[in-house]
Amino acid sequence: MEKFGKAQAMRRSEDVRFLTGHGRYVDDIAPEGALQGIMFRSPVAHAVIDALDVEAARQAPGVHLVVTVEDLLAAEVDITMTGVVMENRDGSKGAAPTRPWLAHKRVRHVGEPVALIVADSLQAAQDAAELIEFDYTELPAHLDICAGGEALHPEAPDNRAFDFGMGREAETAAAIDSAAKVVRLEVGDNRVIVNAMEPRGAYAEWDGSRLHVAFNGQGVWGLKGDMARVFGLDEANVRVTNPDVGGGFGMKAAPYPEYFAIAFAAMKLGQPVRWMSDRTEAMLSDHAGRDLVTMAELAFDAENRITAYRVHTLCNLGAYNSNFGQAIQSILFAKVLTGTYDIQNAWMRCEGFYTNTTQVDAYRGAGRPEAIYVLERMMDRAARELGVDPQELRRINFIKEFPYKTVTGENYDVGDFSRVLAHAEADADIAGFAARRAASEAQGKLRGLGLCYYIESILGDPSEDVRVEFTPEGGALIYVGTQSNGQGHETVYAKFLSDQTGIPFEAIEVVQGDSDLIARGGGTGGSRSVTTQATVTLTAVRDMVAGFTEFLAGEMGVDPDEVRFDDERFRAEGSNLTPTMLEVAALAREKGREDLLTWSARTAIDARSYPNGAHFCEVEVDPDTGVTQVVKYTVVDDFGNLINPMLAEGQVHGGVVQGLGQALTERVVYDEDGQLLTATFMDYAMPRAKDSPWIAFDVEPVPSTGNPMGMKGCGEAGTVGSMAAVANAVQDALWDRGIRQADMPFTPHRVWEMLQGSRMAAE
C-alpha cells in the first residue's frame with residue numbers, strides 16, 4: 001500500500017454537531033438525578049489544620065454526604081496521588097512528599113481540596129459548605145523560586161524538590177572558558193493559567209461491584225489504573241469514559257483529587273455523583289504552566305559557531321510533584337539542549353522548588369515552548385552582540401548533516417532547516433522590513449522584527465491500539481486509543497481509514513474514550529495522536545486486506561496471490577467480481593465468517609519525529625502608551641506529510657495565538673500570602689481577536705523516516721515558536737531606546753515602564 005493519505009483540505013465533520021449544540025460534554029451527559037458534589041477548598045496558602053467540623057454541613061437540607069480525609073482513612077482507601085520523583089545530580093532521588101486527595105493535617109496552597117459535599121443540588125451543597133468550621137494556624141507562605149523559607153513538606157526542608165543536571169558539564173565549562181565570545185542573558189518565563197474552554201468535570205457511578213467514571217480528560221487508561229489502585233479493585237471492574245472534551249492543552253492529562261473523591265462518594269452512597277468546576281475554581285486548582293527563570297550562556301568561536309551552551313534554570317513546582325505521567329521538568333529541560341543547532345558541548349542544571357501557588361506546575365499547550373524560548377532568545381541576543389544578521393547566525397549553526405544525535409540523545413533523522421528558513425524569509429518579505437519600519441517611525445511607532453526557529457520532539461507512548469468493526473447496517477466503526485480535545489480527530493481518522501479502504505467517509509464512525517471498548521491507548525498529548533493512530537490503522541488495514549483477500553480467493557475460485565486491492569476494490573484476473581471493502585464484509589457476514597468483521601491491531605512508531613519551522617513576527621510599539629501590537633506574522637513549518645492541511649493550519653493558528661497570549665497579556669499574580677489575584681477573567685487577560693493579526697502559514701515538508709506516513713506532529717508547533725518570535729520582535733523594537741532586557745508579558749504598563757526607565761537612564 002503506497003498511498004498513505006490524499007492530503008485534502010477537508011472541513012471538520014464534527015463542527016456541525018458542536019455548533020448546533022449537540023456536543024456530549026461531561027456535564028451534559030451525567031445521569032439524570034445524579035447528586036451534586038462541590039469541593040470545600042482551603043482559603044489560605046499554608047496552615048496547620050487544627051479542626052475541621054463538618055457536622056452541621058452533614059445535617060443541612062438536601063445533603064447526602066460530606067467526605068473528609070478522616071473518612072477516607074477510616075475506609076482504608078489509598079489516599080495518595082501519584083507523583084513523579086526526579087533524580088538529583090548526585091544520583092539520589094528528589095523529594096517525594098505525599099499528596100492526598102483531601103488535605104491531611106496541613107493545607108499547602110489556596111484552593112487545595114479539604115472536603116467534598118454531596119447534595120441534591122448545587123445550591124444545597126454550596127449552602128452546606130458555608131456551615132463548615134475550618135480552624136487552622138496559618139503558616140508563612142513560600143512564594144520565591146529559591147531554597148529556604150517555611151518548609152511545605154518535611155521531605156524537603158529547604159523547599160528544594162530536586163537538583164537536576166544533564167549534559168557534559170566539564171567539557172562545557174572548558175569550552176566557555178576558552179571561547180572567543182560568551183553571550184549571557186537571564187530569561188524570565190511568566191506563569192500562565194491554562195483556561196480550557198470547558199473547565200474540568202466528572203461524574204461517577206457504582207453498581208455494587210463495578211465503578212464507572214466519566215471525565216473530560218485526555219485519555220482513559222491512566223485514570224482507570226489509578227482508580228483500580230486506590231480502591232483495590234480489579235481493573236476489569238473499572239470503566240473510564242471520556243465524552244467530548246472542550247480543550248486539554250496537557251493540563252487535563254493528569255488525574256486530579258476531585259475524580260477520586262466523587263468516585264468514593266458514589267461508592268459510599270450507591271448513587272451517581274457529579275462535579276463540575278467553575279472558572280475561578282479552575283484557576284485555583286488546575287495545573288498551571290511555565291514560571292521559570294533561566295540564566296543562559298552561549299559560547300562562540302571566531303567564526304561565530306556555537307562551541308558551548310550552558311543553562312541554569314529555577315522552576316516553580318507548585319505545592320506537590322507533577323503527576324503528569326512524566327516529570328514535566330525532565331521533558332522541558334531535556335529539550336533545552338537540543339535545538340536546531342550543532343551544539344556539541346552543553347550542560348543543563350535545573351532546580352525545582354515547592355511554593356504555595358497552585359497544586360502542581362505543568363505546561364500549557366504542551367510542546368517545549370519553554371526550552372525553545374530560552375534558546376531562541378539567546379540566539380537573538382547573540383546576533384546583536386556579535387553584530388551578525390539573526391538569520392545568518394542561525395544558518396551558520398544549523399545542523400546540516402543527518403542523521404544527527406544531540407547531546408541529550410535525540411536522534412534527528414531528517415531536516416533541511418536552511419530551506420525552511422529561506423521559504424519563511426520570502427513569505428515574510430524580510431527584504432521589505434526596512435521600509436515598513438520607516439513607515440512606522442513616520443507615525444511615531446517603534447517597529448521590531450523577531451525570528452524563532454524551533455524544533456520539537458514528538459513525545460508520549462509510541463504504541464497505539466485500534467479496532468475496526470463492520471456493522472450490519474453496512475458501515476464501519478473505528479475505535480481509537482487517543483482522545484480528541486478539539487483537534488478534529490473524528491474527521492482525520494475517518495478520512496484516513498476511508499483513504500486506505502475505500503469505505504465512504506460518511507459510513508465511518510469514530511469511537512473514542514471508553515476503556516471497555518478498546519483494551520489500551522496512549523491518550524492525547526505531545527502531538528502524538530495522528531501519527532501513532534494512523535500508523536496502527538495502517539497495520540489493521542493491511543491485516544484486513546490480507547484476511548479479505550484469502551476469503552475472496554475462495555469465493556472467486558482463484559489463488560490468493562491473484563487477488564489485488566487498489567484502495568477501493570478487490571480485483572482478480574479472470575474474475576468479473578470487483579467488490580468493495582464493505583461488500584466483502586457483507587458477504588463475509590452472509591457466509592457466517594464473523595471472524596472477518598472485526599480487526600484489531602497494536603503497533604508502535606519506529607522513532608520520534610521532529611517537526612520544525614520558522615516564525616517571523618513584526619510588532620509596533622507606541623512609545624507614549626506602551627501598547628504593543630503584532631502587525632504581521634508568518635509561519636513556515638516542516639510537518640512532513642500531511643493528511644489534512646486545513647486542520648494543520650488551524651492547529652498552528654490556535655497555537656500561535658496561545659503564544660501571543662502569554663507574550664502580550666497573560667500573567668499569574670499572587671500576593672505575599674499566596675492568594676491568587678488573577679482569579680477571574682476581569683483580572684487575567686486572555687488573548688482576544690484584536691491581539692492577533694492574520695497569520696500567514698505555509699509548509700516546507702521533509703518527510704520523517706520514523707513512521708510509514710512520513711508525518712511529524714503539528715499540534716503544539718504554533719506555541720513553541722510564537723513566544724520567542726514575539727519577544728524577539730519586541731526586544732528589536734526597543735533596542736535602539738537602550739532597553740537590553742525585555743521579558744514577557746509585554747503589557748502596555750510594563751512596556752511603558754521599560755521605556756520610561758530607559759529615558760531616565762539616558763538623562
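Two strands pair if DSSP finds at least two bridges between them. Keep that in mind as you open this predicted model, because the tour begins with a pair of strands.

**Stop 1: an open sheet**

Select strand 21 (residues 463-470) together with strand 22 (residues 476-480). They pair in the antiparallel sense, over 5 bridges. For one rung of that ladder, pick Glu469, whose bridge partner in strand 22 is Leu477.

Now widen the selection. Strands 21 and 22 belong to an open sheet of 4 strands, ordered 23-22-21-26, with mixed pairing. At its edges are strand 23 (508-511) and strand 26 (598-604), each of which pairs on one side only. Direction ignored, neighbouring strands of the sheet are turned against each other by 20° on average. Next add helix 14 (residues 489-501): it lies across strand 21, strand 22 and strand 23, and runs at about 130° to strand 23.

**Stop 2: a parallel pair and its crossover**

Move on to strand 28 (628-638) and strand 29 (695-699). In which sense do strand 28 and strand 29 pair, parallel or antiparallel? The sense is parallel, over 5 bridges. Here Asp637 stands opposite Val699 in strand 29. Follow the chain from strand 28 through helix 17 (residues 645-664) to strand 29, and you trace a right-handed β-α-β crossover.

Continue past strand 29 into the loop that leads to helix 18 (717-735), and select Ser704 there. Ser704 counts as buried because its relative accessibility is 6%, and the cut-off for buried is under 20%. Show what surrounds Ser704: leaving aside neighbours within four places in sequence, its contacts are Asp413, Val414, Ser609, Gly710, Met711 and Lys712.

**Stop 3: the largest nonpolar core**

In soluble globular proteins, nonpolar side chains tend to be buried together. In this model the largest nonpolar core has 97 residues. Try selecting Tyr309, Tyr633, Val726, Leu734 and Phe746, the residues with the most contacts inside this core. Which helix gives the largest share of this core? Helix 18 does, with 11 residues.

Centre the view on Phe746. Not counting residues up to four places away in sequence, Phe746 touches Thr628, Ala663, Leu664, Ala727, Val730, Val751 and Met754. Apart from the core of Phe746 lies another one, of 48 residues, including Leu65, Trp101, Ala202 and Ile518.

Stay in this region for a backbone detail. The loop between helix 18 and helix 19 (748-762) holds Pro745, and the peptide bond joining Met744 and Pro745 is cis, with omega about -5°. For another cis bond, go to the loop between helix 11 (390-397) and strand 18 (404-405), where Pro403 lies. The bond from Phe402 to Pro403 is cis, with omega near 0°.

**Stop 4: helix 13 and its two faces**

Select helix 13 (residues 433-442) and colour its buried residues, Phe433, Arg436 and Ser440. Look down the helix axis: these buried residues fall within an arc of 65°, so they line one face of helix 13. Turned away from that buried side is a face with the exposed residues Ala434, Ala435, Glu441 and Ala442.

What covers the buried residues of helix 13? The cover includes helix 12 (417-428), strand 20 (446-455), strand 27 (612-621), strand 28 and helix 18. After helix 13 comes Gly444, with a positive phi near 80°.

**Stop 5: positive phi outside glycine**

Now look at two residues other than glycine with positive phi. Glu76, with phi near 60°, is in the loop between helix 3 (69-74) and strand 4 (106-107). Asp567, with phi near 75°, is in the loop between strand 24 (563-565) and strand 25 (570-572). Which of these is buried, and which is exposed? Glu76 is exposed, at 71% relative accessibility, whereas Asp567 is buried, with a relative accessible area of 12%.

**Last stop: Met227**

Finish in helix 6 (residues 221-231), where Met227 lies. Met227 is buried, with a relative accessible area of 0%. Draw a line from its C-alpha to that of Leu211: the two residues are 16 apart in sequence and 8.6 Å apart in space. Leu211 is also one of the contacts of Met227, along with Val213, Val238, Tyr259, Phe260 and Ala263, when neighbours within four places in sequence are left aside.

Note on methods:
Residues are numbered from 1 along each chain as its sequence is written. This is a predicted model: local features need pLDDT of at least 70, side-chain atom pairs count only at pLDDT 80 or more; totals for chains, interfaces and linings use all residues. Side-chain values use heavy atoms; hydrogens and water are left out. Buried means under 20% relative accessible area, exposed over 50%, partly exposed in between (1.4 Å probe, protein chains only). Contact means heavy atoms within 4.5 Å. A nonpolar core is a set of buried Ala, Val, Leu, Ile, Met, Phe, Trp, Tyr and Cys residues joined through side-chain atoms within 4.5 Å. The arc is that of the directions from the helix axis to the C-beta atoms. Axes are lines fitted to C-alpha atoms, for helices over the stretch in contact, and angles run from 0 to 180 degrees between N-to-C directions. A crossover is right-handed if, with the strands pointing away from the viewer, the path from the first strand over the helix to the second runs clockwise.
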